[in-house]
Amino acid sequence: MVSCRRYNPEDLATWNSFIQNSKMNAFFFLRSFMDYHSDRFDDHSVMFYDEGQLIAVLPANQNQDQLVSHGGLTFGGLVLSRKLRSNKVAEILTSLKEYLLGCNITSVVYKASPHFMHDLPSEEDVYFLFNDGAQLIRRDLTSIIYNGRKLKLSKGRKALISKARGNGVVITESDDITGFYGLLSGALEKHGVKPVHSVEELEMLKERHPKNIKLYIAEENGKALAGALMFNFDSVEHTQYLATSDEGKTVGALDLLIGTLIERFHEGESRVFSFGISTENAGKYLNEGLLSQKEGFGARSAVIDFYEWNLNG
């Protein structure tokens, strides 16, 4: 019989070891990443055991009488043992439901992990949530490229890449998070938004995860015109932040940067290159211009789903 309990700091090593050997080895489920915003979220992550063996974890936080998996992460459903079979996932969710009701938590917002993030197929959770009445409340459209299935760049993207090369734009790896953050903030300010992370948080996370967080800059005569902060998972390369200046946009600096990163991706071992979502307003609005830009690089669409699970239903 599956049992569960709340994560506590004494479980740190056990939690991290499990994540690194699970069906989805995503570094942002490690406590060294998750705990950076512990001051903003009431962590209520849960660990599941079967006959004394840890078989699953759920990164989550509590918001009054609701559990969210996880409010500080793009997604964060159940992370399962590689050996786990589907019938156990039904038991895990039953155990979770009983545990949460005992904590006076009456609903769950469940951010299902997209299929392309899984090292092994791992969508049993969505099936059993559906069977227990969970409702789809949000669907975001995200853009990805599969390695080995390369599509041609659009003529517009090719032209801008050629223009950038003709202007002497070069791509380098950098540790200058502060400089990039200025570029990013300036680009986002035009749209009335700010980066999700502060510059101090990005510097700290990059220092904690140097193999997983990489910064690449497009420069002309030593001047940064565009940048890409990449989150690198075992099998997925994700563009966490992209930014360019007006000058960089004119000469195609960001296009050259993205094109270069995609070329390196196709030469590597990662399965997926991820651009992130093009939807706003909880998935209700599609930014067609942004989507078109990504598709110009050969990306095509996948979805990220959010469910609400009423535990008293």
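This is a short tour of the structure, stop by stop, with what to select at each one.

Before you click, note that this is a predicted model, where local features need pLDDT of at least 70, side-chain atom pairs count only at pLDDT 80 or more, and totals for chains, interfaces and linings use all residues. Residues are numbered from 1 along each chain as its sequence is written, and side-chain values use heavy atoms, with hydrogens and water left out.

**Stop 1: the four-strand sheet**

Helices (H or I, at least four residues) and strands (E, at least two) are DSSP runs, numbered from the N terminus. Two strands pair if DSSP finds at least two bridges between them. Now select E1, E3, E4 and E7: they make an open sheet in the order E1-E3-E4-E7, with antiparallel pairing. Strand E1 (2–6) and E7 are the edges, each with a single partner strand, so one side of each has no neighbour in the sheet.

Zoom in on E3 and E4, which run antiparallel and are joined by five bridges. Val46 sits opposite Leu58 in E4. Staying in E4 (residues 53–58), pick Val57. Is Val57 buried or exposed? Val57 is buried, at a relative accessible area of 0%. (Buried means under 20% relative accessible area, exposed over 50%, partly exposed in between, with a 1.4 Å probe and protein chains only.)

Between E3 (46–50) and E4, the loop holds Glu51. Glu51 has a positive phi of about 55° although it is not a glycine, and Glu51 is exposed at 75%.

**Stop 2: two more backbone oddities**

Select Ser69 and His70: the peptide bond from one to the other is cis, with omega near -5°. His70 lies in the loop between strand E6 (66–69) and strand E7 (79–80).

Then jump to Asn104, in the loop between helix H3 (86–102) and E8. Its phi is near 60°, a positive value in a residue other than glycine. Asn104 is exposed, with a relative accessible area of 61%.

**Stop 3: strand E17 and its partners**

Select E17 (residues 300–310) with E8 (residues 107–111): they pair in the antiparallel sense over five bridges. Ser107 stands opposite Asn310. Add E9 (residues 135–146), which pairs with E17 in the antiparallel sense over nine bridges. Which residue of E17 is the bridge partner of Asp140? That partner is Ile304.

**Stop 4: salt bridges**

Side chains of opposite charge can pair when their charged atoms come close. A salt bridge here is a side-chain nitrogen of Lys or Arg within 4 Å of a carboxyl oxygen of Asp or Glu, and the structure holds 16 of them.

- Keep Asp140 selected and add Arg138: their side chains meet in a salt bridge (2.9 Å, N to O). Asp140 is buried at 3%, whereas Arg138 is partly exposed at 26%.
- Next, Arg31 and Asp43, whose side chains meet at 3.0 Å, N to O. Arg31 lies in helix H2 (residues 31–34) and Asp43 in strand E2 (residues 42–43), so the pair ties together parts 12 residues apart in sequence. Add Asp35 and you have a network of salt bridges linking Arg31, Asp35 and Asp43.
- Finally, Asp255 and Arg157, with the closest N and O atoms 2.5 Å apart. This pair links distant parts of the chain, helix H9 (residues 253–267) and helix H5 (residues 155–166), 98 residues apart. Asp255 is buried at 8%, and Arg157 is buried at 15%.
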